[in-house]
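Visitor: Could you walk me through this one? I'd like to go piece by piece.

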Amino acid sequence: MGRVSVEGVAKAYGPKRVLQDLSLAVEDGECFTLLGPSGCGKTVLLRLVAGFETPDAGEITIGGRLVSGRGTNVPPEARNLGVVFQDYAVWPHLTVRANTAYPLKFRADDAPQRAAAVQGVLDQVGLGALGERYPSQLSGGQQQRVALARALVAHPEVLLLDEPLSNLDANLREEMRFEIKDLQRQHGATILYVTHDQEVALALSDRIGILDPAGRLRQVGTPREVFDQPADLEVFRFLGVTSFVDLAFDGDQARIAGTPLDLRPEGPRPSSGALVGGFRPMEAELVSEGGVPGTVKRVALLGAVVDFRVEVGGRELRIQQETSEVMRGLGLPVEGQPCGVRFHRLRTFAAAALSGGA
Amino acid sequence: MRPRRFGTAELLLLLSILILVVVVAIPILLIFWNAFVVEGKPDFLRALALLKEPDTLEALKNSLVIAGGTTVLSTIIGVFFAWLVSRTDLPYKGTMKVLFLVPFMLPSFIGALAWKILLSPRGGHINRLLMDLFHLEDPVFNIMSLGGIIAVETMYLFPFVFIQVSGALERMDPTLEEAARISGAGLFTITRRITLPLMMPSILAGALLVALYSLAHFGVPAILGTERNIFIIPTKIYEKIYASGGNFEAIRTGTMLSSILVLSAAAILYIQSLVLSSGRFQVISGKSMRPMVLKLRGLKWPLLILSVVYIALTVVLPTVTIFLVGTLKTYGLAFKLENMTFDNFTYILFKWELTRDAIWNSFYLSLSAAAVTMLIGTLISYVLVKTKIRGKFLLEFLGVLPFSVPGTVIALGVILMWSGRFGVNLYNTAWIIFVAYIARYMAFALKSTSAALEQVHDSLEEAARACGASKWQAMKDVVLPLIKPGMVAAFFLIFLPALRELTTSVLLYGPHTRTIGVAIYTLNEDGETVYAAALAAIALVIIVLGQLLIKRVTRAKIESA
């Protein structure tokens, strides 16, 4: 029913090409997140799906119906969508109830049915008692709930969310993340969610599509897949903090700064060109004996974890370890102190890509 | 890119362009055409030769002196009082601030009338009083001079500077001054090195507005200058068009002078936009702060008295004069109870056709012009702010035009356009004033409706579309309710000034289409000082009632929101 498919879509504003030949499919009932840095065209894609913009080329279908392309352009109001905007877009001159009831104005339901539907969805988002308030009397989080209630009340096939959480503070963001997930389960709508916030994307999505700054889709997969098996350096660097060390191989034996490693780096190994090994802060640790020699540059006790900056072979690495583990082991090192680094996991990438990419 | 169909947006754009072209652009073009084209050929030399006529040259010189003098004087007074009410511990600051804005709502030509009654060299009441008291041979003051015109213009125009500067002083981040203080700078140094430079853009912006208005105002120099052969550009244009029976050379001189007015207005507005965009918002934030306040100590009460006396002299005295003279049985009688009567007012309001018509004309003309201009302005602003279509730059250009066209120029432009030359002759009808008002007040409508529309974020409209509303439905349910306050503001911003308007209608009125302003002006010309004052008093009452009504309406708006 609510499958969204985008085929070969292109969009340019004047000379600026935002999207080129982009294709992706969001399955019925799926929560799909488009994740990318700001300015990568993800919001443009959402606006194309919503019908606020027309693609220069390509086709968009929603629930099997062609809505854009091949000379067709279904206006937004006829696409049966719910949209939640980054700035909430709650109408300031209407009460919470009137805001929420608005989409039902265009349906054939009778008045009691409508009132029940509105109260129902307001209860779901936790605003059941605030129906007569005006948006100016609500907090940011509450306004965002009104926007959600309004998007859900008419049971649209597809829900489009444009960074709906980015204007909220961290605690509220976490809370709303779970709420959106719950609401989606209850309503069964297909969700296309656009964000630059990887935490939200990883926590919320069934699948994630990762866009690079040029608006190309780099990888599509489950949160686990994109996080654990990044398709390329761009994807790897985009998700979480990453560090890189220079890698050398003789045969299958990998070495860093001459020191042989006791692990096999993952990933393809191009035959020519220098290689680097990439890892996330928790995928390495400081050891008192052995390991690759390095120097502790910075130590920051962040609470549950300790954050180290360590220099190895001329590159600075970020390493994090649980505080309790550090205390049990070698204790907090002093800045400037030599140390050993043991890697638990490394992924190989071409060094050229590292210096080329931003 | 696919070529787009000719849709609603394109239609609206075309309509907006058409309206602005007909109402504003063609009249201005006609003025330039008449000024510089003789028998189908451009002829700048002859055009310039017209300017060398002694009387036109004199008018240009006077304009420069009056605009310059008024600007300097208004800036000094405006900055001083603005500083006094926002940066000192002057008692009753709030009340004083409101009082300093009162001259804004009073028509300056009524003030000029009052001052003429008080300070004209021979007949002026104050002059006579002083001459009697001190047994003088000659009058002490002569308001009917360049200096007098500058003084009266300043009384009514200084609030432009006052408003800009007091607003900026209140929004200025006090830490900027505190930082200087901590660094050891004294108050004088802080004012000179920190405060004044930061205020400069606001001061300049206000001063340029004063320059623009004093250059284009007709009323004050007409009442105080014409009798004494002191002309400035607008009154010279009036004289040329009206007094010389509309012969061709006279119209050409009029259009030449109008061209000069348009070009100077455009230059002033251009400089102002440069000044305003030079980054003052980096240090002056939108929110109000608690500014550093200077303790006046011993000067506290003297300065308050100075302010009160200023208000009393510039606002209360002329107003009282107008009301008192309006009640006299005959002009020249002493202000004694037995010489006073209310019959003048009933006569003017109900019996005399000329004044009754004038009041009625002003009412329906400003009402209809305000409504129509507000609606057209909303349409044009919508296209400008909310649509993304090719060809919009044309509308953007045309949209700037109404801002730079002084009232006299508009009047001359519509005369050239609507006097039968293009098949439509509206001359001597109310329609020609109506068309001129639309052109004259379009800038107000554009400013306030486009500001309102800019605050309605696109996503609000898009949210409605996503909810199932069509373009028109979204407009009706979301955009219109949200910009309604802006539209109401635009309506009143046009209605009230149009009600007391003189500069434009004085060039356009016919036997039955006098406006209140024109009636007061012509009555004064004809020596009917008492009736002129009585009508002016009625006008003042109407204006004050109108202002109170606006306050009511806008406050109700704020409370319901």
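Here is a short chat about a sheet, a helix and an interface.

Guide: First, this is a predicted model, where local features need pLDDT of at least 70, side-chain atom pairs count only at pLDDT 80 or more, and totals for chains, interfaces and linings use all residues. Residues are numbered from 1 along each chain as its sequence is written, with chains lettered from A and ligands numbered from 1 in the order in which they are written.

Visitor: Which strands stand at the edges of the chain A sheet?

Guide: The open sheet of chain A runs β2-β1-β4-β5-β6, paired antiparallel. Strands here are DSSP runs of E, at least two residues, and helices are runs of H or I, at least four, numbered from the N terminus; two strands pair if DSSP finds at least two bridges between them. Two strands have a single partner each, so one side of each lacks a neighbour in the sheet: β2 (16–26) and β6 (72–73) of chain A.

Visitor: In helix α4 of chain B, which residues are buried?

Guide: Buried means 20 or more other C-beta atoms within 10 Å of a residue's own, exposed 12 or fewer, partly exposed in between, with C-beta atoms placed from the backbone. The face turned away from the buried side of α4(B) carries exposed Gly94(B), Thr95(B) and Val98(B). The buried ones in α4(B) (residues 93–105) are Met96(B), Phe100(B) and Pro103(B).

Visitor: How many residues of chain B are in contact with chain A?

Guide: Contact means C-beta atoms, placed from the backbone, within 7 Å. On the chain A side there are 17 residues, and they meet chain B residues numbering 15.

Methods
Two residues are in contact if their C-beta atoms, placed from the backbone, lie within 7 Å.
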